[in-house]
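Here are my notes for you to read alongside the model. Have it open while you go through the points.

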Amino acid sequence: MSRRKLKKFAQNEERKNILEPGKPLYQNLKGNWNELIFKNSNEIVLELACGRGEYSTGLAEKFPDKNFIGIDLKGDRLWYGSNVALEKQLDNVAFLRCQIQHLNYFFEKHEVAEIWIVFPDPRPKKGDAKRRLTHPRFLKIYHEILKPGGWVNFKTDNKQLFEYSVETLETLELTLEALTRDLYNSPFLEEHYGITTRYERKFSAQGLTINYLKFKYKEGFSADHLLDKSFVEMYSPFEGKLSREMEC
Ligand SMILES: C[S@@+](CC[C@H](N)C(=O)[O-])C[C@H]1O[C@@H](n2cnc3c(N)ncnc32)[C@H](O)[C@@H]1O
């Protein structure tokens, strides 16, 4: 591992706005974010696959009366978002290092008001479909932790992933809104407050258009049939071995 990465990891250990394995609060976060971390009762918004956490810090600046949590398994990426939050003194942002498969170890039922999924890995191989963040097994987890009526915003450059997601959401009869295959030339751009991410800038520079939609679960939606235990690795994120991805 490079020295620069080791230095970031050492700094992460000292930072209060990064929650990661080994820290005392890490195992007690579920249901306690407002009390333990934010010290208020404001609503909680998640940014999944956040990388450097541009949405978390960008939205936190715009909405000081909401709390934002950027989630990613890569500690060196979270370090950047954490830096921005510290520099701008944003007390309403935190970063959680974990696998998104394990979200319900960290959030109580209905603890979350809104979710952003921002440029997740497209996972194009057929055998990798269950790792796409819009796969039904992830949709079940979001449904569990979201408050009724909470929106999930989804943004990607990847056409295949976007079409797969639209098809999945339509099949499950979720409520879709703001669906566009060219965000920058759509009326929905203003919902993004000028925030762009590192990957977004890279893909836009390659001439790719940006796809965006948001969805919510209908009243009475049942996710029971989406359950597949083999999806979530059968070890606790607190005790078992971490995946190799998480260690790097
Ligand atoms: C393509 S990058 C996008 C990063 C950022 N959202 C952006 O737009 O610049 C995808 C991110 O998802 C994270 N990731 C992939 N699978 C994950 C998982 N199962 N749990 C948590 N993070 C994951 C990776 O570490 C990576 O930072």
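**Notes on the model**

1. Start with the strands: β6 (residues 152-156) pairs with β8 in the antiparallel sense, over 5 bridges. Strands here are DSSP runs of E, at least two residues, numbered from the N terminus, and two of them pair if DSSP finds at least two bridges between them. Thr 156 has Asn 211 of β8 as its bridge partner.

2. β8 also pairs with β7 (residues 175-180), again antiparallel, over 4 bridges. There, Glu 177 is matched with Lys 214 of β8. Of the 6 residues in β8 (residues 211-216), 5 are buried, meaning that 20 or more other C-beta atoms, placed from the backbone, lie within 10 Å of a residue's own.

3. A word of care: this is a predicted model, where local features need pLDDT of at least 70 and side-chain atom pairs count only at pLDDT 80 or more, while totals for chains, interfaces and linings use all residues. Residues are numbered from 1 along each chain as its sequence is written. The pLDDT (the predictor's confidence in each residue, from 0 to 100) averages 92 over the chain. Over residues 240-248, though, it is below 50. Where pLDDT is low, the predicted coordinates shouldn't be read in detail.

4. Now look at Leu 46. Beyond its neighbours within four places in sequence, Leu 46 is in contact (C-beta atoms, placed from the backbone, within 7 Å) with Ile 69, Ile 71, Val 112, Ile 115 and Trp 116.

5. Finally, find the ligand: 18 residues surround it, and Ala 49, Gly 51, Phe 119, Thr 197 and Tyr 199 are the closest.

Note on methods
Near = placed C-beta within 6 Å. Contact = placed C-beta atoms within 7 Å. Buried ≥ 20, exposed ≤ 12 C-beta atoms within 10 Å, placed from the backbone.
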